[in-house]
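Visitor: I have a new structure to look at and I'm not sure how to read it. Could you walk me through a few features?

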Amino acid sequence: MNLEQAQRRTIRTLMAAQVVGAVGITIGIATASLLARDLSGSEKLAGLSQTAQVLGTAGWAFLLARLMSRRGRRVGLVTGYLLGAAGALLAVVAGVLGSMSLLLVGAVFLGATSAANSGSRYAATDLAPAAHRARSLSTVVWATTIGAVAGPNLTGPAGALADRLHIPELTGPFALGSIGMLAAALVVGVFLRPDPLLLSREAAGVAATPPQGTSWGRAIEAVRERPILGQAMAAMGCAHAAMVAVMVMTPLHMAHGGAELRVIGIVISVHVLGMFAFSPVVGWLADRFGRPQTLAVGGVLLAISLVVCADSPDGSSWQIFVGLFLLGLGWSFATVSASTMVADHAPLDARTDVQGVSDLVTGVTAAAAGGLAGFVVGEWGYAVLSLLAGALVLVVLGAALRTRLAGSPA
């Protein structure tokens with residue numbers, strides 16, 4: 001199998017895994033904060049489950065990247081999906097036992113699936129030529145659309161499943177989601193052959209095992225040598241943090257106005273549609289006009305979305321639908337652009353190390369934002385949260401300007 005054939009097989013496999021894996025990870029979004037509120041007895045703690053998941057994503061991203069560095073993408077991705085499935089089942093048990101602590105543990109393990117999904121987008125670039133790198137990455141991101149949009153809309157059937165299993169209604173999505181994660185592990189384990197990372201190293205004449213030193217040390221050295229990597233990481237982290245902070249509190253904001261669970265699920269689906277459905281267009285634009293330019297567009301869209309969300313009343317409104325869609329679309333522009341910059345500039349012998357640290361930084365930043373979001377909404381409201389998130393968008397716009405001046409490739 002030549003490199004072009006291997007790349008086509010890799011993309012097909014990653015797309016299939018993203019479809020079923022995305023159902024698993026997104027189906028619980030609409031109910032996670034509600035379940036945390038019920039178990040903790042406090043709306044101020046409602047965002048902690050999502051915060052734990054994002055924090056888990058950060059930690060697992062780093063650990064899975066180390067595993068991929070030594071064993072390849074396939075082993076790392078399968079491990080992430082299996083850990084996520086275990087986390088979903090722990091969330092179900094937490095609901096049955098009424099344990100907030102166990103829910104947080106399950107959420108941390110659920111983060112492993114999000115980390116695996118992040119690793120998938122980078123795996124799509126291992127064998128891709130530079131001129132089509134953003135399109136390869138964005139194609140795999142786009143595949144998430146099918147499962148991610150379907151996931152929140154399965155909230156109703158998941159509730160029916162919960163009734164049949166005699167478990168709390170809000171844990172049904174997690175039970176159904178675990179099946180999707182196991183299916184993703186099966187797809188990757190069987191079909192991701194040859195391993196794209198190991199094959200790219202072989203083709204470039206780079207040693208199959210990483211060089212001496214720690215994973216963290218190799219990544220920091222790469223950032224020192226190539227400062228544009230630091231700008232890309234900052235942009236990706238702040239864009240993701242702004243999105244998570246507002247998105248995680250949206251179900252609670254809508255519930256305050258009496259919105260039905262079904263309507264909340266539709267809003268989250270619209271948001272996820274913005275995140276993933278247009279990513280091939282974003283990838284084409286990034287390859288055609290440059291990564292910094294598309295990153296700047298992402299920053300502008302995020303800023304507009306936050307203003308619209310701040311103007312939305314409690315419950316269901318056109319503002320919340322439009323705001324959440326633009327929030328997802330802005331995230332897509334920023335994430336595809338910044339992720340491609342990381343793939344462009346990370347040295348091959350430290351590629352997974354840099355990508356792991358990048359996702360770690362992104363996850364920690366988003367976890368902090370998600371954790372604070374509940375307290376901000378509890379004290380000052382959803383509108384203030386949306387406006388405060390604008391400070392993060394300023395970092396995205398600043399990074400776009402600096403990477404443009406540094407001459408990031410088109």
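Guide: Happy to. Let's begin with pockets: a pocket is an open set of grid points with protein on both sides within 12 Å along at least five of seven lines, and a residue lines it if one of its atoms is within 4 Å of a point. Keep in mind that this is a predicted model.

Visitor: Which residues line the largest pocket?

Guide: Here they are: A245, A368, A369, L372, A373, V376, L385, L388, A389 and L392. Two elements, α16 and α17 (382-388), each give two or more residues to that lining. The top contributor is α16, with five.

Visitor: How many of the residues in that lining are nonpolar, polar or charged?

Guide: The count is 10 nonpolar, with no polar and no charged residues. The volume of this pocket is about 160 Å³.

Visitor: And what about cavities? How many are there of 30 Å³ or more?

Guide: The idea first: in a cavity a 1.4 Å probe fits but cannot get out. Searching the whole structure turns up five of 30 Å³ or more. The largest has a volume of about 620 Å³, and the second largest about 80 Å³.

Visitor: What surrounds the largest cavity?

Guide: Its lining is made of 28 residues, and S114, H240, M275, F276 and W331 are the ones nearest its centre. Many helices take part: α1 (3-26), α3 (48-71), α5 (100-123), α6 (133-153), α11 (228-256), α12 (261-276), α15 (318-345) and α16 (351-379) each bring at least two residues to the lining of this cavity. Of the contributors, α11 gives the most, five residues. Sorted by class, the lining of the largest cavity has 12 nonpolar, 14 polar and two charged residues.

Visitor: Which residues lie nearest the centre of the second largest cavity?

Guide: Look for A61, A65, M68, G119 and D359, which are among the 13 residues that line the second largest cavity. At least two lining residues come from each of α3, α5 and α16. The classes here are six nonpolar, five polar and two charged.

Visitor: Next, cysteines. How many disulfides does the structure hold?

Guide: To count as a disulfide, two cysteine sulfur atoms must be within 2.5 Å. The structure holds zero. Take C238, which is in no disulfide: the nearest cysteine sulfur belongs to C309 and is 18 Å away.

Visitor: Why is C309 not bonded to C238?

Guide: Because their sulfurs are 18 Å apart, which is too far for a bond. Both cysteines are buried, C238 with a relative accessible area of 12% and C309 with 0%.

Visitor: How do I read the aromatic rings?

Guide: Check two things, the distance between ring centres and the angle between planes; an angle over 60 degrees counts as edge-to-face. This structure holds five aromatic pairs. One of them is F62 with W216, an edge-to-face pair at 6.1 Å centre to centre and 70° between the planes. That pair links distant parts of the chain, with F62 in helix α3 and W216 in helix α10 (residues 215-225), 154 residues apart. F62 is buried at 15% relative accessibility, whereas W216 is partly exposed at 42%. In another pair, W284 and F289, the ring centres are 6.1 Å apart and the planes meet at 85°, so this pair is edge-to-face too. W284 is partly exposed at 41%, and F289 is partly exposed at 45%.

Visitor: What lies over the face of F289?

Guide: That would be R288, at 4.9 Å from the ring centre. A similar arrangement involves R121, whose charged end sits over the ring of Y122, 4.5 Å from its centre.

Visitor: What should I look for in the backbone?

Guide: Most residues other than glycine have a negative phi, and most peptide bonds are trans. Here, the bond from R193 to P194 is cis, with omega near 0°. You'll find P194 in the loop between α8 (172-191) and α9 (196-204).

Visitor: And which residue other than glycine has a positive phi?

Guide: H166 does, with phi near 60°. H166 is placed in the loop between α7 (155-165) and α8.

Visitor: Is H166 buried or exposed?

Guide: Exposed, with a relative accessible area of 72%.

Notes:
Residues numbered from 1 in each chain as written. Predicted model: local features only at pLDDT ≥ 70, side-chain atom pairs only at ≥ 80, totals over all residues. Heavy atoms only, no water. 1 Å grid on protein atoms, 1.4 Å probe; cavity = no way out; pocket = protein on both sides within 12 Å on 5 of 7 lines; lining within 4 Å. Points joined across faces, edges and corners; volume = space filled by probe spheres on them. Helix = DSSP H or I, 4+ residues; strand = E, 2+ residues; numbered from the N terminus. Nonpolar A, V, L, I, M, F, W, Y, C, P; charged D, E, K, R; others polar. Buried < 20%, exposed > 50% of the residue type's maximum accessible area, 1.4 Å probe, protein only. Phe/Tyr/Trp six-rings, centres within 6.5 Å; stacked < 30°, edge-to-face > 60°. Lys NZ or Arg CZ within 6 Å of the ring centre and 35° of its normal.
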